[in-house]
Amino acid sequence: MKLAIDLGGTHLRLAFGDGSGPWQHTHRSRRPDGMTPDTFVSTIGDVLAEWGIERRDVDGIGVSVAAVVSAGGHIVRAENLHWWEAPLGRLLCEAFGRPVVVETDVYCGALFEATSGHARSAGSGLYVSVGTGIGHAFILNHQVWRGAFGGANALGHMVLRPEGAACYCGHHGCLCTTASGLAQAVDQPPRGALVDLAQAIAAALTLIEPEIIILTGGALSQPWFDLEHLTRLLPELTYPGIAQPALVVSDVPDPNLRGAAMLLKEIA
Ligand SMILES: [Zn+2]
């Protein structure tokens with residue numbers, strides 16, 4: 001059985017199972033402020049102990065994290081976690097002695113959607129997660145595209161207004177300063193959120209022309225989000241020569257966890 005972990009901007013989710021059917025155990029909690037990689041690892045051990053799961057019962061650990069991740073599960077930057085250059089994969093290997101794969105959360109969600117979800121019959125797609133922050137992943141030729149070095153996931157940091165509000169990434173006027181869970185906490189309702197989201201998605205469509213757009217994330221339940229309005233806006237903002245893709249809001253409740261378990265598919 002696999003241990004799947006989803007470490008997001010506001011939450012921590014764990015699940016134990018084979019990833020294809022119902023989970024045997026699940027855990028969900030708010031991520032404590034100030035959680036470090038070391039306290040994260042000790043929390044995982046605490047949850048396993050609560051479940052009565054021995055380390056030898058864990059075939060592998062798949063981690064979905066809101067971060068840019070390089071080889072070996074090394075966290076390059078995770079602004080919402082305040083983690084920079086953290087050897088998360090190594091720490092988990094040392095603590096549990098099991099195979100570990102760490103991947104950016106949107107790549108996990110897109111992997112699930114490309115393999116078993118809404119994009120399983122599409123060769124190309126744009127996956128957009130609108131949560132605390134906004135991330136994206138492209139599915140190209142049935143594969144999740146990570147970029148050359150793992151960083152092709154930051155639709156929320158597309159700069160739309162260089163004179164706009166400061167963003168936690170260090171720039172100004174990023175998409176997520178208007179259309180994200182963080183933005184709603186500052187400005188309610190956030191002004192221009194839907195049009196900004198449409199502009200950013202339209203730029204991606206014009207560049208790639210995917211078959212499908214898959215939207216997911218807790219911030220889609222905010223009052224400003226309107227799927228029909230977004231559907232009307234996109235053709236006005238994209239190059240007329242591209243085919244408009246199908247646009248769906250995913251109904252998969254835990255795509256990051258499912259994708260994290262899929263990272264370990266080579267493990268029995
Ligand atoms: Zn930014």
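Me: In which loop is H142 found?
Reply: Strands here are DSSP runs of E with at least two residues, helices are runs of H or I with at least four, and both are numbered from the N terminus. On that numbering, H142 is found in the loop between β10 and β11 (143–145).

Me: Good start; what kind of model is this?
Reply: Residues are numbered from 1 along each chain as its sequence is written, and side-chain values use heavy atoms, with hydrogens and water left out. Local features need pLDDT of at least 70, side-chain atom pairs count only at pLDDT 80 or more, and totals for chains, interfaces and linings use all residues; the model is predicted.

Me: Back to the loop, then: what is the relative accessible area of H142?
Reply: H142 has a positive phi near 70°, though the residue is not a glycine. As for exposure, buried means under 20% relative accessible area, exposed over 50%, and partly exposed in between, using a 1.4 Å probe and protein chains only. H142 is partly exposed, and its relative accessible area is 47%.

Me: H82 is a non-glycine residue with a positive phi; is H82 buried or exposed?
Reply: The phi of H82 is about 60°. This residue sits in the loop between β6 (74–78) and β7 (83–86). Because its relative accessibility is 60%, H82 counts as exposed.

Me: Which atoms coordinate the zinc ion?
Reply: Donors are N, O and S atoms within 2.8 Å of the metal (3.2 Å for Na, K and Ca), and water is not among the atoms, so sites may look incomplete. Along the chain, the donors here follow the spacing H-x9-C-x1-C-x4-C. At 2.0 to 2.4 Å, the coordinating atoms are H157 ND1, C167 SG, C169 SG and C174 SG.

Me: And what is the geometry of the zinc site?
Reply: Four donors count as tetrahedral if all angles lie between 85 and 135 degrees. Two of the ligands are buried: C167 has a relative accessible area of 9%, and C174 has 1%. The angles among the 4 donor atoms are 104 to 124°, so the site is tetrahedral.

Me: Which element gives the most residues to the largest nonpolar core?
Reply: A nonpolar core is a set of buried Ala, Val, Leu, Ile, Met, Phe, Trp, Tyr and Cys residues joined through side-chain atoms within 4.5 Å. The largest one has 31 residues, and I201, L215 and L234 have the most contacts inside it. At least two residues come from each of β9 (125–130), β10 (134–140), α5 (193–208), β12 (212–216) and α6 (227–237). With 9 residues, the biggest giver is α5.

Me: Which residues does L234 contact beyond four places in sequence?
Reply: Contact means heavy atoms within 4.5 Å. Leaving aside neighbours within four places, the partners of L234 are A198, I201, A202, L205, I213, Q244 and L247.

Me: How many residues are in the second core?
Reply: This core is separate from the largest one, and L3, F16, F40 and L48 are among its members. Its residue count is 30.

Me: How far apart are the C-alpha centres of the two domains?
Reply: The bounds, from an automatic or database domain assignment, give domain 1 as 2–107 + 255–267 and domain 2 as 119–249. In contact across them are 14 residues of domain 1 and 19 residues of domain 2. The separation of the C-alpha centres is 25 Å.

Me: How many residues of helix α7 are buried?
Reply: Helix α7 covers residues 255–262 and is mostly covered. Its cover includes β1 (2–7), β2 (11–17), β4 (60–65), α3 (105–115), β9 and β12. R258 and N256 are among the buried residues, and the buried count is 8 of 8.

Me: Which backbone oxygen does the T104 side chain reach at 2.8 Å?
Reply: T104 belongs to strand β8 (residues 100–104) and is buried, with a relative accessible area of 1%. A polar contact is a pair of N or O atoms within 3.5 Å; within protein, one must be able to donate a hydrogen and the other to accept it, and residues adjacent in sequence count only if both atoms are side-chain atoms. Beyond four places in sequence, T104 touches V65, A67, V68, V69, G150 and N153. The oxygen reached at 2.8 Å belongs to A67.

Me: Last one: which backbone oxygen lies 3.5 Å from a polar side-chain atom of S180?
Reply: S180 is in the loop between β11 and α4 (181–186), and is buried at 0% relative accessible area. Its side chain reaches the backbone oxygen of C176 at 2.8 Å. The oxygen at 3.5 Å is that of T132.

Note on methods:
Four donors count as tetrahedral if all angles lie between 85 and 135 degrees; four count as square planar and six as octahedral if opposite donors are over 155 degrees apart and all others between 65 and 115; anything else is irregular.
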